[in-house]
Amino acid sequence: MTDPPPTGTIASDQITPEELRLAARNHGLPLEALRDPITPAGLHYLLIHYDIPAVDPADFRLDVDGEVERPLSFDLDALRALPKVTLPVTFECAGNGRALLAPRPLSQPWLTEAVGTAEWGGTPLRGVLEEAGVADAAPEVLFTGLDRGVEGGTQQAYARSLSIEDALESGALLAYEMNGEPLPPQHGFPLRLVVPRWYGMTNVKWLTRVTALAEPFDGYQNSVAYRLYDENGEPGAPVSRMLPRSLLVPPGVPEFLSRERSLEPGPVELRGRAWSGQGEITRVEVSVDGGATFADAELGEPVSEAAWLMWTFHWQAPEGTHEVCSRATDSAGNVQPLDPRWNLKGYVNNAVERITVTVAQPAQVPS
Ligand SMILES: Nc1nc2c(c(=O)[nH]1)N[C@H]1C(S)=C(S)[C@@H](COP(=O)(O)O)O[C@H]1N2
Ligand SMILES: [Mo]
């Protein structure tokens, strides 16, 4: 293990005030919570572009309009009266892994912790779109939240569109419950979109309007943000479904500042979670030598068709310092790369994580 810095050491690789402010608002999953199949609401990662809007549930409406035969407007009771589905869904922010890129794109500085799996309860979007009678000619459906802010120099409501096929076929929910409770304010109270298998930006919170569009949406969150490009002004490819990723439940105990792990020599069961939005997880491999060699882990059952699975790997841990990695493969043939692929906004960096583990007899520390 690198020598832990003494208390009072000054940081050198400076995080900017902008990143610190974002990181203090938007917390990640404490990685030990990867042990839980369903993430408790307070441990689920959080990403909020602007402010949490104040919503009086008595006044709340969801309007369904645009290119539809029958514009609809629902209050919360009317939404709750529609057919209900609950589904555990793994969410991951498209910016997960951003702070591991060099140079570091300026935004929310996630390492690997922007993930969580909640059980979302609500009514299928498809039923509501069918009830409204979406015109065949409408190529896209736009989802608009109540939160507003400035991005790219323009004031806007947070809004994202999906193609009509994805809106109808993705299994999307209009969700009013998280883990059996009304949505917490920070997760979109009283209503949000949940789109299984897509990166997190798709799951529009504080959802108040669903609009069938005659033309593709060219708003900021679809045409500038959430696209893969190396320079401003390039069109880039849109970010959509999650690439495979595997993360360890961090083994042993952490050092306070570095969070490097220590454990005793001998047999240890390494465990972790793996997921992909592009297909099923077909393989997880573990390396205890920094990615030089890998061996297969055992796969458990996915928590749902749209959620992570747990994998296990038996390791006879020898004394010394080791770099432990895990690598997921999905049924679409995607494999996590060993090294990140850079892009200007810092999206979809699913390179394998690297955890430094020191295996030694525990030092005698007064308790
Ligand atoms: N209205 C609204 N919806 C939003 C966002 C937002 O800022 N405003 N953030 C998006 C992003 S980038 C992510 S990753 C997910 C995070 O959902 P969570 O905070 O419930 O985990 O919400 C998405 N939905
Ligand atoms: Mo995100």
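A residue counts as buried when its relative accessible area is under 20%. In this predicted model, V210 has a relative accessibility of 2% and is therefore classed as buried. The points below deal with the setting of V210 and then with ligand 1, whose space is the largest cavity.

**V210 and its surroundings**

- V210 belongs to strand β10, the strand that runs over residues 207-213.
- Leaving aside residues up to four places away in sequence, V210 makes contact with L62, D63, V64 and D65, with L125 and L129, and also with V141, L142 and F143.
- Between V210 and S276 there are 27 Å in space, taken from C-alpha to C-alpha, while the two residues are 66 residues apart in sequence.

**Ligand 1 and the residues around it**

- Ligand 1 is surrounded by 18 residues, of which the closest are H49, D147, H187, R192 and K205.
- R192, one of those closest residues, places a polar side-chain atom 2.7 Å from an oxygen atom of ligand 1.
- The backbone also takes part, since a polar backbone atom of L47 is found 3.0 Å from an oxygen atom of the ligand, and a polar backbone atom of N203 lies 3.0 Å from a nitrogen atom of ligand 1.
- On its own, ligand 1 has 530 Å² of accessible area, and the protein covers 100% of this area.

How values were computed:
Residues numbered from 1 in each chain as written. Chains lettered and ligands numbered in written order. Predicted model: local features only at pLDDT ≥ 70, side-chain atom pairs only at ≥ 80, totals over all residues. Heavy atoms only, no water. Helix = DSSP H or I, 4+ residues; strand = E, 2+ residues; numbered from the N terminus. Buried < 20%, exposed > 50% of the residue type's maximum accessible area, 1.4 Å probe, protein only. Contact = heavy atoms within 4.5 Å. Near = heavy atom within 4 Å. Polar contact = N/O pair within 3.5 Å; in protein donor to acceptor, adjacent residues only side chain to side chain. Areas by Shrake-Rupley, 256 points an atom, 1.4 Å probe, with all protein chains shown as cover. 1 Å grid on protein atoms, 1.4 Å probe; cavity = no way out; pocket = protein on both sides within 12 Å on 5 of 7 lines; lining within 4 Å. Sits in = over half its atoms within 2 Å of the grid points.
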